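Subject: Structure for you to look at

Hello,

Here is the structure I promised. Please open it first, then read the notes below it.

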Amino acid sequence: MTRNEPSTEIEYAPCKLACPILTDAREYIQLIAERRFEEALTAIMSQNPLPRTCGRICTHPCEQVCKRGQVDEPVAIAALKRFAADGPWKDRLRQVLPKASSGHKVAVVGSGPSGLAAAHDLALLGHTVTVLEKLPIAGGMMAVGIPSYRLPRDVLEADIRTIEDLGVEVKTGVTFGNDVTVESLTGDGYQAIFLGTGLHLSRRLNVEGEDLPGVLKGVDFLRDVALGKPVTLDASVIVVGGGNVAIDVARTALRVGARDVLMVCLEKQEEMPAAESEIEEAREEGVAVVNCFGPKRFLENSGRLSGIEFKSCTCVFDEKGAFCPQYDENELTAMDADTVIVAIGQAADLSFAEKDGLTVTRRGGLEADPITLQTPIAGVFAGGDVISGPATVTKAIAAGKRAAVSIDFYLRGESIPRSEPAIADQVASLPPGVIERTRQFARSKIAGLPVEQRLSSFSEVGPPFSEDLATKEALRCLHCYLGARVNKEKCISCLTCLRVCPLQVPTVSKVGEITIDPFVCQACGMCALECPVQAIEISLDPGGEIAREVEKAIASSQHLERLIVGFFDLHGNFAKKDLKGLREDYPNVLPVMTFGLRRIDRSDILKAFECGADAVFLAGCPPNRDPFPEAGDRIKRRTAHARTQLEAVGLDGRRLEIFDMPDEGLVEKGSITELIQRIKEMEPSPLRVRR
Amino acid sequence: MITLEQKQFAQIKEMASHYDRLLVLGCQTCSAMSFAGGEREVKELASMIRMERKISGKPGDILEDAIARQCDPELVDLIGDKVRGCDAVLSLACGAGVQMLAERFPDKMILPGCNTTFLGVTEELGVWSERCAGCGDCILDKTAGLCPIARCSKQLLNGPCGGSVNGKCEISKDVDCVWQLIIDRLARLNRLEMLEEIFPVKDWSPAGHGGPRKMIIEDLKS
Ligand SMILES: Cc1cc2nc3c(=O)[nH]c(=O)nc-3n(C[C@H](O)[C@H](O)[C@H](O)COP(=O)(O)OP(=O)(O)OC[C@H]3O[C@@H](n4cnc5c(N)ncnc54)[C@H](O)[C@@H]3O)c2cc1C
Ligand code: SF4
Ligand code: SF4
Ligand code: SF4
Ligand code: SF4
């Protein structure tokens, strides 16, 4: 196709651009909507080495920018990923096996997301990878930070096992700096090293009494619980801090016996760095939150902690928005506590750095090139939290993937490319008229575990989507940048596109030039179909695709006596098993699935008959699920026109039917059996070429 | 634009039946805009002819193509090879296009797949109406911009006639009396006095009554 609109901009869907690893959420969402779950997971796995983990704990920046969010609420992208990654099909998926061995050996220090991602990608590139982990279990903060009620251990383990299946060896209990060094690793034949050691020290408050027994450190506490060390709390616990880690600490405290948990932080409620949903869940479980206090000193009673004295915090940020807390030292408040857990931030343990000649930055991280992730020592790369400061799992994965690319170039003796990653600019706004004309569909919600059940265990709080809900949710995606492209060389400015578009996206200039904003367009397909010179291509289903599918379906069913082509709207309320059932119950029906019957042209229907179909039917989704119900009438008239065309060439018009899909399932049994009966009473299609 | 409509399939089938190898040729300008013979209709019609032939056991190949316009020789010449390789061309252009094809390909039978209907406007998607009769001497300045030649059933120049009832023409209650519209519009423009002017007898020779028309721009022609 000649596109007359060469675009130099990157036209990524907002969800993709917002993702640190540029996950093409749109792609797997669409596959879920098509009930092609296994392929959805394959698509996810091609980009994300920790799909099941990310499906649960990713902070999903994609949802913040999702175009659907401008209409009602964003597509539940994270939950969809989890659905795709968790289904029973995951066990059927065969791993892409690594290329033949390159002969190079790489050591990865740290089994957090950055290390695992680097190992995964390096293994796929054919390198031999060993992961060295200090702790007795692998996973980094995913294993010893994030509590298991948010990320069940078996889920993380399964993701790690998939990486091990690529031939990656994970050795736990090996401390870089003590057990191994750059020198020893080089001596053992490792040609490159990746350091993804994260941030595992808790930041200190540096106030009086901080070393009293009864004062715990946030990440140490979480790590101890995660490693199964005997940690039990009783009575009252104060957690100092207002971020997500503090929330995890507070909620974990409740699960290991604390009776009252109070979170105290500097920030006002609306300034708290923790995600609102996390604060909400913590509150539901009984965590109380007190704002605008900063610790002054820990209180002591016969050598043990008895409480903590706070000064009131008047302001946390300066005019530039930088962290710069101001206190009123005169206003002091004492609070009793049996245990205080300080969760105000993490720092890197870089005791290994000095020995190995690595440079530590002023901020307390390792020094490395921000793009290539090379450290000043040849062959040593570093990434993840230890470079970026506290970030997220996906950002760490992005760093690991980036490091893998750099290391691969390094090992091949080539210079490392310095291409900057795509950065999410501000997402464009939809015009108000388009928002108004876009049909709203509520975001699928599922209830979490009841609170009592949550607190008595570490079992996962968030339940998964059912297939039903997942497909419904996936169908909410508005197909950003998958829509209409005008071939300006062909366009004759007939204005049909402008007239049929249900959202009024196309515009025309004085000289007749048509512009269709690829972000605003929702790929409904109406304009492309009606354009009399076929100058519009819809990326979601490029021209002629439906006709080709029809041809293919018929060609592969030549053994059948009678052939009925059924066009089904993917927006219908049916499950994958209904499709299977259809094939079993009505083997003569060849289903062709589309995102809306408005995409079926008369020529597609004629094509089916030309290829020998005995009958064709169109099954449209129930009106309450149709994003463009206003097209329904036009589709009926178009079908009626096709019927007269059939009659004109000498075929019985009753061979073409249009049905509404039932509230549940693919097609009403009555209508389909009636059609089959009708066909049986007619001569077989005179157009069938019998081979 | 010139509007067109596709002929009934029965008629197309009949005229095409004498030729085995048939090129269905679309015209991507007025005909496409009339949804009579653009690329989309070419695809459909070709499919229908193929089916009809298969059903009735007639042999032959149906080729498909479309060009920007069939009323210009240079464009028509671009598909010369294809035309020469078939027995006949079913042109989905207006009569002008059909004749241009015939002129450029003297040895080929050219069949009209469409009827040229009128010079008109698009009222809305799928609805067109006649506005101009191509009379060669436009009088719209005198009739408030509404053409009685194209839109009055009797082509009256001094209407309305006695058949005008409640603003509708006597031939059908769906047809507006253009003279009523002219009067209404002149009233709105405060120029009703213009109606008092009696039209002289119209010279119809520029309308083609003086034989086939031809237009020459001296400084343009070679
Ligand atoms: C409590 C908590 C909750 C979080 N929740 C989320 C969340 O919900 N979503 C999200 O996206 N992010 C979350 N994060 C952040 C996320 O976990 C981190 O950004 C991410 O894990 C960083 O990955 P990394 O690979 O850089 O380091 P880490 O995951 O920290 O892994 C580093 C690994 O290196 C090992 N290591 C360190 N030094 C050595 C050494 N000398 N020798 C050998 N091994 C060594 C460590 O033991 C560790 O296993 C959370 C963080 C915390 C602390
Ligand atoms: S509407 Fe779909 S493609 Fe667009 S941002 Fe949301 S999930 Fe991504
Ligand atoms: S419908 Fe096609 S030909 Fe008509 S204006 Fe739009 S793009 Fe151009
Ligand atoms: S694909 Fe649909 S939404 Fe996009 S421009 Fe065409 S008609 Fe409008
Ligand atoms: S007066 Fe003649 S040229 Fe003018 S609009 Fe009427 S028919 Fe056309």
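Between chain A and chain B, twelve residue pairs are in polar contact, with both partners at pLDDT 80 or more. Keep in mind that this is a predicted model. On the chain A side, four helices each supply at least two of the residues that touch chain B: α21 (496-500), α22 (526-530), α25 (602-610) and α26 (632-649). The largest share comes from α25(A), with six residues. By class, the side of chain A that touches chain B has 15 nonpolar, five polar and nine charged residues.

Salt bridges also cross this interface; the rule finds five. One pairs Arg50(B) with Glu610(A). Their closest N and O atoms are 2.5 Å apart.

Now the interface as a whole. On chain A, 29 residues are in contact with chain B, which contributes 21 residues of its own. Together the two chains bury about 2300 Å². Carbon and sulfur atoms carry 60% of that area. Which three residues supply the most of what chain A buries against chain B? They are Pro532(A), Glu610(A) and Val649(A), with 26% of the area. Glu610(A) therefore deserves a look on screen, being also the salt-bridge partner of Arg50(B). Next, the ligands.

**Ligand 2.** The residues around it include Cys15(A), Cys66(A), Cys477(A) and Cys480(A). Arg26(A), Lys67(A) and Arg68(A) are also among them. Two helices of chain A, α1 (14-18) and α2 (25-33), each supply at least two residues of this shell. By class, the shell around ligand 2 has nine nonpolar, three charged and no polar residues.

**Ligand 3.** Its surroundings include Cys491(A), Cys494(A), Cys497(A) and Cys531(A). Val486(A), Ile492(A), Leu495(A) and Ile514(A) are also among the residues around ligand 3. This shell has ten nonpolar residues, two polar and no charged.

**Ligand 4.** 13 residues surround ligand 4. The closest are Cys501(A), Cys521(A), Cys524(A), Gly525(A) and Cys527(A). Eleven residues of the shell are nonpolar, two are polar and none is charged.

Last, the layout of chain B. Domain 1 covers 2-118 and domain 2 covers 134-207. The C-alpha centres of these two domains of chain B lie 38 Å apart.

Best wishes

How values were computed: Residues numbered from 1 in each chain as written. Chains lettered and ligands numbered in written order. Predicted model: local features only at pLDDT ≥ 70, side-chain atom pairs only at ≥ 80, totals over all residues. Heavy atoms only, no water. Near = heavy atom within 4 Å. Nonpolar A, V, L, I, M, F, W, Y, C, P; charged D, E, K, R; others polar. Domains from an automatic or database assignment. Contact = heavy atoms within 4.5 Å. Buried area = accessible area lost by both parts, 1.4 Å probe. Salt bridge = Lys/Arg side-chain N within 4 Å of Asp/Glu carboxyl O. Polar contact = N/O pair within 3.5 Å; in protein donor to acceptor, adjacent residues only side chain to side chain.
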